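Me: Could you take a close look at one part of this chain for me? I'd like the local picture first, then how the rest of the model fits around it.

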Amino acid sequence: MTEKIQQLLKEVENFTSESMEEVEAFRIRMLSKKGLISELFQAFKNLPPAEKKTVGQQLNQLKVTALDKVNSLKQAIEEQQTRQKSSEKYPDLTLPVDFAQTGSRHPISIIRNQINQIFEKIGFVISEGPEIEDDWHNFSALNFADEHPARDMQDTFFVEKNPDIALRTHTSSVQVRVMDGQKPPIRTISPGRVFRNEAISARAHCIFHQVEGLYIDKKVSFADLKHVLDHFAREFFGAHTQIRLRPSYFPFTEPSAEVDVSCPFCKGKGCNICKGTGWVEIMGCGMVDPNVLDNCGIDSKVYSGYAFGMGIERITMLKYMVNDLRLYFENDMRFLKQFETAF
Ligand code: DAH
């Protein structure tokens, strides 16, 4: 029996494995109820009492050694497995850090900032006005006749009637506020949101953005206006850009004009963006009507000035070729992410 015990002890001591299944099979073969060690314990019962003491000690030692072996091997395998799992989670600790996603500027903000900067560099200051306006600032002071169609419920979102309070339909209202509060010379641009009662489509929206420009001083002429517009077009669309003015009508300017730039896509050759004409319209402008100056407390016999107004969405479309207005308001990450590198 002692021989058998020594033989098993050797086997236990020499046993090693990195597989959980093998260790478990080994445990069953040695230590389960019908295992080799259990069998020896059965045989031990029939030994003569004289042998029982030494053999008993040897048997116990065998059992403890086998148990220790099984436990320590299982523990080592488990530790190895958890180490492997965590290294799968961080496969390569030398890889660059995965930075948290950052936001980016909205294309309308990018273009608004670019427009602001171009005018700030030549001495214009930024001014802002309220989005909820009274009739005087949005219409009357700007020389809109009482029956002008723009005052119609169809075009304007009214907040209150009599006295009329509405969401401003253009940023020209800021002109009135600036002139009311300042003495010329005035050189200002006013970016902001405007609202019109329009059905939403690819080409029209009830909310959009404008930038208004205003310059009032002594002896301001139409040539000054043309010069500053030419400068803006070259700065914004590139040095090769040309402008063209077409006579138009606005209640608050006289004379008034519509401003076209040579198509930034085909450089004036004619493409489907400019509908083959080589020109695209970007804004309205004109000499501030003397009635407007007088309405705002500026003596039209002493001062003159020019004004212009452009839609930021329209300019953004021309810069980025995004021709569905709705995309600017949906905040779809797939759309916005395309402007991450611009600022
Ligand atoms: N307020 C005009 C609009 O919303 C744009 C505009 C045209 C502004 C001519 C001006 C201007 O200052 O002179 O359509």
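What follows centres on Ile-200 and the loop it sits in.

Reply: Sure, with a word on ground rules before anything else. This is a predicted model, so local features need pLDDT of at least 70 and side-chain atom pairs count only at pLDDT 80 or more, while totals for chains, interfaces and linings use all residues. Numbering runs from 1 along each chain as its sequence is written, and side-chain values use heavy atoms, with hydrogens and water left out.

Now to your spot. Ile-200 belongs to the loop that links strand 5 to strand 6 (207–217); helices (H or I, at least four residues) and strands (E, at least two) are DSSP runs, numbered from the N terminus. With a relative accessible area of 46%, Ile-200 is partly exposed, on a scale where buried means under 20%, exposed over 50% and partly exposed in between (1.4 Å probe, protein chains only). Setting aside neighbours within four places in sequence, Ile-200 is in contact with His-205, Cys-206 and Arg-326, where contact means heavy atoms within 4.5 Å. Arg-326 is the one to look at: it sits 126 residues away from Ile-200 in sequence, yet their C-alpha atoms are 7.6 Å apart.

Follow the chain towards Arg-326 and you pass Met-321, in the loop between helix 10 (312–320) and helix 11 (327–330). Met-321 has a positive phi of about 55 degrees although it isn't a glycine, and at 52% relative accessibility it counts as exposed. Lys-275 is another non-glycine residue with positive phi, near 50 degrees. Its place is the loop between strand 8 and strand 9 (279–288), where Lys-275 is exposed at 66% relative accessible area.

Going back from Ile-200 instead, strand 5 (186–195) is preceded by a loop from helix 7 (172–181), and Pro-185 lies in that loop. Pro-184 and Pro-185 are joined by a cis peptide bond, omega about 5 degrees. A cis bond also joins Glu-254 and Pro-255, with omega about -5 degrees, but Pro-255 is placed in strand 8 (residues 253–262). Val-125, in strand 1 (residues 125–126), touches Arg-187, Thr-188 and Ile-189, not counting residues up to four places away in sequence.

Zooming out, the protein chain has 12 helices and 10 strands. Its radius of gyration is 43 Å, well over the 20 Å that the globule rule gives for 343 residues, so the chain is more spread out than a compact globule. (That radius is taken over C-alpha atoms, and the rule is 2.2 Å times the number of residues to the power 0.38.) Along the principal axes, the C-alpha atoms fill a box of roughly 135 × 50 × 35 Å. The chain is divided into domain 1 (2–89) and domain 2 (107–339), with bounds from an automatic or database domain assignment, and the C-alpha centres of the two lie 89 Å apart. Of the 343 residues, 41% count as buried. Long-range links like the one from Ile-200 to Arg-326 fit into a wider tally: among contacts between residues at least 6 apart in sequence, 66% join residues at least 24 apart.
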